[in-house]
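This briefing concerns the aromatic rings of one protein chain and their surroundings. Please consult the sequence and the structure below while reading.

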Amino acid sequence: MVIGFIGAGRTGCTLGKYLEGYVTVAGYYSRTWQSADDAATFTQSRAFCDLETLVNSCDTIFITTPDGVISEVWECIRHYNLKDKIVCHFSGSLSSGIFSNSGSTGASCCSVHPMYAFSSKYKSYLQFNTACLSVEGQEKAVQEMKKLFEALHHKVFIINPCDKAKYHAAAVFASNYVTGVMHIALKLLKECGFSEGDAMELLAPVTLNNINSVLENGTAHALTGPVERGDISTVERHIGILNDEDILKIYKNLGKVLVSIAEEKNPEKDYKEIKGMFV
């Protein structure tokens, strides 16, 4: 397999470096020559100055651009010779349906999404072996991607293209939104006089232990705290000191979710009164 990358950001660099040695990385095309050259240097491959040359140099094309550019890239490359080539994009929210009129090109197209945070352009490849992936699209492309990543011991799931947006929303809740909630926790502790470093140190054990408990036991068994206990007076104090309306709204909305989990965990308990505090 010879892979050409369109897009030389964090996703493209991570995949190129990770797959180096397992496949042939033909190289990169990017909006800027410098980005393509940097990615090519990092992966010991080639920087391409035009799309058609890259397409002609590989049998598999990975589109690793931002979501908003994928359709534009496809409109450019679908006029080239794509016969018998595999074309994949790596958006979590967009389906393979974005490859309009792909049947007339002779290519087989799919979407591949690693459930993974590409936080560093040059370091994320080091832990990529932990990622699970989801794929959907035309059969040939799907099977080739499954074969590639399963050979590298990844778990690969087939997803319904209609579910891509909901699937990606789940990923965002589990990653970016957790970051947002942690930001609020740090803000509140800094308002108490803690430095950011001390606040991080204070939160690390409870955060890590809770995440590990959720992953090992599920949300219902992992749930602890004042909502699960039905501790109305503590929740009242929290609501009383949260002066930021946005943070208070988040607290109440998440409180409703916690009540529903608590009711699942403790069906014999009456949570009606504490539920009323989150309206």
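A residue is called buried if its relative accessible area is under 20%. The model discussed here is predicted. A pair of aromatic rings is described by the distance of the centres and the angle of the planes. The structure holds twelve aromatic pairs, and two of them are set out below together with a ring cluster and a charge over a ring.

**The pair F62 and F90**
- The ring centres of F62 and F90 lie 4.7 Å apart with the planes at 65°, so this pair is edge-to-face.
- F62 belongs to strand 4 (residues 60–63), whereas F90 is in the loop between strand 5 (86–89) and strand 6 (108–115); the pair therefore ties together parts that are 28 residues apart in sequence.
- F62 and F90 are both buried.

**The pair W74 and F99**
- For W74 and F99, the centres are 5.1 Å apart and the planes stand at 75°, so the pair is edge-to-face.
- This pair links distant parts of the chain, with W74 in helix 4 (residues 67–77) and F99 in the loop between strand 5 and strand 6, 25 residues apart.
- W74 counts as buried because its relative accessibility is 0%, under the limit of 20%.
- F99 also counts as buried, at 4% relative accessibility.

**Ring cluster**
- F5, Y28, F62 and F90 are linked into a cluster by ring pairs.

**Charge over a ring**
- The ring of F42 has the charged end of K17 over it, at 5.0 Å from the ring centre.

How values were computed:
Residues are numbered from 1 along each chain as its sequence is written. This is a predicted model: local features need pLDDT of at least 70, side-chain atom pairs count only at pLDDT 80 or more; totals for chains, interfaces and linings use all residues. Side-chain values use heavy atoms; hydrogens and water are left out. Rings of Phe, Tyr and Trp (its six-membered ring) pair if their centres lie within 6.5 Å; planes under 30 degrees apart count as stacked, over 60 as edge-to-face and the rest as tilted. Helices (H or I, at least four residues) and strands (E, at least two) are DSSP runs, numbered from the N terminus. Buried means under 20% relative accessible area, exposed over 50%, partly exposed in between (1.4 Å probe, protein chains only). A charge sits over a ring if NZ of Lys or CZ of Arg is within 6 Å of the ring centre and within 35 degrees of the ring normal.
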